[in-house]
Amino acid sequence: MGEVIDILLAVSFWVAAVRIATPLIFGTLGELICERAGVLNLGIEGIFTVGAMSGWMAVYQGMGLWGGVLVAVGVGMGFGLIHAGFTVGLGVSQHVTGIGITLLASSAAYFTYRTVLPDVTSPPRIEPFEPIAIPLLSDIPLIGPALFHQTALTYLAFVSVIVTAWVLYRTPLGLAVRAVGENPAAAEAQGISVVAVRTGAVAVGSGFMALGGAFLTMSAFNAFFFEMVGGRGWICIALVVFASWQPAKALLGAFLFGAFDAFQVRLQQSIGAAIPYQVFLMLPYLLSILALILVSRRAAYPRALMVPYRKGER
Amino acid sequence: MRLEPRESPGLGLRFAAPASAIVVALLLAAIPLAFAGAPLATAYAAMFDGALGSVFALTETLTRATPLILTGLAVTAAFRAKLWNIGAEGQLYAGALAAVVIASHAWSSSPFVMIPSMMVAGAAAGAVLLLIPTLLKTRLGVDEVVTTLLLNFVMLLFVSMMVEGPLQDPMSMGWPQSEPIVDEAVLPELVPRTRLHAGLIIALVAAVLLSLLINRTRWGLEMRAVGANADAARFAGMKIGRVMVFTAIISGGLAGLAGVSEVAGVRGYVTLDLSPGYGYAGIVVAMLAQLSALGVVVSAIFIAAVFVGADSMGRAMGVSSYLADLIVALSLLTMLVAGLVARYRIRWA
Amino acid sequence: MSKVAAAPVLRLTGITKRFGPLVANDRVDLSLGRGEVLALLGENGAGKSTLMSILFGHYTADEGTVEVADGAGSLKELRHGSPAAALEAGVGMVHQHFTLADNLSVLDNITLGTEGLWRAFQGRAAARRRLKTLMDDSGLAVPLERPVGTLSVGEQQRTEILKALYRGVRILVLDEPTAVLTPQEVNQLFDTLRRLTQQGLSIIFISHKLDEVTAISDRVAILRAGKLVGERETKAVDRGELAELMVGRPVELHGRDPQPRGVEVARLAKVSVPGPRGGMDLKSADLALFEREIVGIAGVSGNGQGALAALLSGLAQPSGGSFSLFGNTVTRFDAGAFVAGGVGRIPEDRHRDGTVGDMTVWENAILETYRDGANQRAGWMRIGAARDHAKGLIDAFDVRCPGPDAPIRLLSGGNMQKLIIGRVLENRPRLIVANQPTRGLDIGAVAFVQDRLLEAKRAGAAILLISEDLDELFQIADRLAVIHSGHLSEARPAEDLTKRQVGLMMAGEGQGAHAA
């Protein structure tokens, strides 16, 4: 018990929790935007990977950090547009296309990395984003360093949640996005182009996913490793359900998840070898499944999620 | 642009669709090849040669095709009933672990006892792993896509725990590798001095049996009805939950058999790199085959040829072997378009 | 005399539309005057909805032009296939199936698409003010903040009309607007429409019901098999002539044909059925069904008919009361067991529940009986036998289809329904649960279905007929009950009831609707 309290009172624990949560915030927001518009994006895992690789690669080739971020977002949106072209434009299976995008994006990332750097054995590093302390706020005990002494990308994640929530609930564009996810025929009857809105949402959502990947290589690990995404994308899909498709709850879910993950790492260190380390590594995945089980009964899916819309089909 | 359903896609179109998808995917592979700086004509020729150019290449391709046929069948069975099993990778490892547990000690001297019991155990392990998300779906309404995906990671960690723990080979000097299976459990070679093994026979028999099951039996009728229209199936008196469980046992079992076949036919033990994504590639195999069990055999051989050909070309010309994964992913996407063209007439208005 | 000549606001010229081999519209010419109500009359499948979908840009016409008057009154050709262009030109449409997003509020549904997408915030307050004025002027009252899914069907329809008015439409198309309303709600709708035409709105009113058409319209245009077969001033036409123009052939509809009723087949005593989201869809219902009798259930859809049908079909389990079937209390709620025991079920939605579109005709023909020894042995399907059996069914019930191996999705609604009816009747069921068996069928198919039900009744079956069409119920049901918000009234002989009484009960106002 004492160990648990020690962990919870350590500043490093809270800092780590927010750091782990950041890519999940981006990924969950991205998936949420796609699904609100009615498109399941199982390309997320691959888009994370390609975002991580391309952002890192751009910086490694001499670009600035923000230039790298832009490259990652652009590449992510590109894969998002492919996904949208198939699922929105052609109306083929969202499940299968998504898996296809994940296979394509991750193999493209690996292929590019191997082709550009054929001979490296240990992954080369870049100078990552440095934490920025926000004056005054970062002096608050525990919360201060956790929330206000982070890298720019973490702050961007917080801002993204607010902007996404505002757009979804307060603007005509957000209404259009929600409408095409609830009843595309209703939106079309009001003169809204379902194809355009869905395509746009998937592209923007995929851009967010790539940002999540870019955070991994440009803010957390400073290098690109194979398999480094390790299911984060799939966890984000579970988090979207857990968050009932609401941005604020997505933030909460990602943070809870980050806290749990940071906690299990520390618990593992203090318990030592009594329990195989793999058990701890399994916990995040099992927790995601548990979260799905807990909310599945009351999950209120966007009505048109996974329903392709073809204009004038009869 | 608008789509009009075709009356019924002719037989020609059913073959032309995947064939053209594959051709387009191979042509698109020219982009990464050019990026890698490989001369295109030589590269394609090397790929073809490496996959089909000699008896040895052919046996390598068929060896690779064996697990792909089984995971492709696993996906076919599941997708026919719209059970979105994306967890064949994990189920393959479950089957492989079970095979090692059963066959690492010579408790019988007869391969006729050892091999079947290993297969039954492997299939059962794969089935159990898929039953968890299936029951969560039918009982609690939990979406199986995410749970099957996440269980792949859990299973891989479990394998890691086993091969560094209770199942670790004492002779491996700390390397994460399981004990080997005994000789009585090893699947016989089909062609002397190659890796091609009797797993291929198992896979072919499984394809024929699954095809009969789907098209000729009442259980297949139920699976197809539930997959195509669950509401109508329920109305007609079918038990959706039971059909899903039955499907999960078949699908998980087939994926588990893929693990057994790899352990007993190729490796002899389990490591963490037993499968280079056979479970995920199974989805591509099944989609290329348009969810036809017999078609899976053909499309698995094609995908295997891509892997083997790209591998050998890559070694010869210094192109990353991830090219194979790229081609496989591309063929899945091009097949989706080809499938659409086969079902609909596209009108430009 | 004609308002058209004075000021046409809409002109369709030579509209042709083909769906594969089917010609849905064949060189249709039509015009509409300011402040006029034009009724578009035709059977199901005559091409009315297609024509209007073309006007509204949901479909693109293969030939022909659509012209709409601009603000100054001169006709301008409308861009093809663009709902946005139609909206901009002042054309609004209320579809038979509402195009509303259930989880969004009324206000959001109405303002959707009316503001520039890139504005930083929605002008909700201004929209609310404008809608208040609109509601006062038109007499259409709807709670603006409620999610649409929680509204009654009548309120949803008012939302649809408001949606169009909010956009300032000058032409409003109503597609079968009365199908989902009680007779009293229909009168209310007609009052609103008269008020709106006085304010200058032009209306196209699509219907296949002669009495409504003559009650509301100034002029009637009649479509048959995609062709415009006549145009008449409403004042100067009699219903017989309209009916003949619409149908093109005399169709004999058979009446009630009372029989001495036989033994009791099913009895519900205080039976409740829970709904999917808590609460009861069917509340403490009492009902007895007898051989050689048709009991009709009237009601606006969504008032518990689904739960009642599901219960008698073996698809739902009651949470209270007792339910006996063929003299035994039911303990196993299993659709397969119900079918085997002699219950025939005709589902409400033949595409969703009745057939598996991608499976063949023969597979659909045995969908309920595939476990029988005739169709399988030890799990092996007897495909030859099943196909022969399907061929017999196709002949006996006049199912027009390419053959038993064609996917059933290629069949027309009427032929699909014939196959379902055949599948049900060939088992000689003792109880038939028919939920909206004639909805969406053309008049020939309607007569076919009704005749088969009457025949089955004469042969001894008990029939529960759930319908939204009061004419149909009064035509063939022996006894009638009304269902309203889950309460089932006592079933009384049809000749003792009037349409007005039943209409009031459907709205939850009449006596007996809330009988204990």
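Me: What makes the contacts in chain C with a separation of 6 or more count as long-range in sequence, and which share comes from residues 24 or more positions apart?

Reply: Two residues are in contact if their C-beta atoms, placed from the backbone, lie within 7 Å, and of the contacts in chain C with a separation of 6 or more, 69% join residues 24 or more positions apart. This is a predicted model, in which local features need pLDDT of at least 70 and side-chain atom pairs 80 or more, while totals for chains, interfaces and linings use all residues. Residues are numbered from 1 along each chain as its sequence is written, with chains lettered from A in the order in which they are written.

Me: How do you know whether the radius of gyration of chain C agrees with that of a compact globule?

Reply: The rule, taken over C-alpha atoms, is 2.2 Å times the number of residues to the power 0.38; for 516 residues it gives a value near 24 Å, and chain C has 25 Å, so the two agree.

Me: What makes a residue of chain C count as buried, and what percentage does?

Reply: A buried residue has 20 or more other C-beta atoms, placed from the backbone, within 10 Å of its own, and 48% of the 516 residues of chain C count as such.

Me: Why are β12 and β15 of chain C called edge strands?

Reply: Strands (DSSP runs of E, at least two residues) are numbered from the N terminus, and two of them pair if DSSP finds at least two bridges between them. In the open sheet β12-β11-β14-β15 of chain C, β12 (280–290) and β15 (328–329) each pair on one side only; β15(C) is joined to β14(C) by two bridges.

Technical notes. A residue is buried if 20 or more other C-beta atoms lie within 10 Å of its own, exposed if 12 or fewer, and partly exposed in between; C-beta atoms are placed from the backbone. Helices (H or I, at least four residues) and strands (E, at least two) are DSSP runs, numbered from the N terminus.
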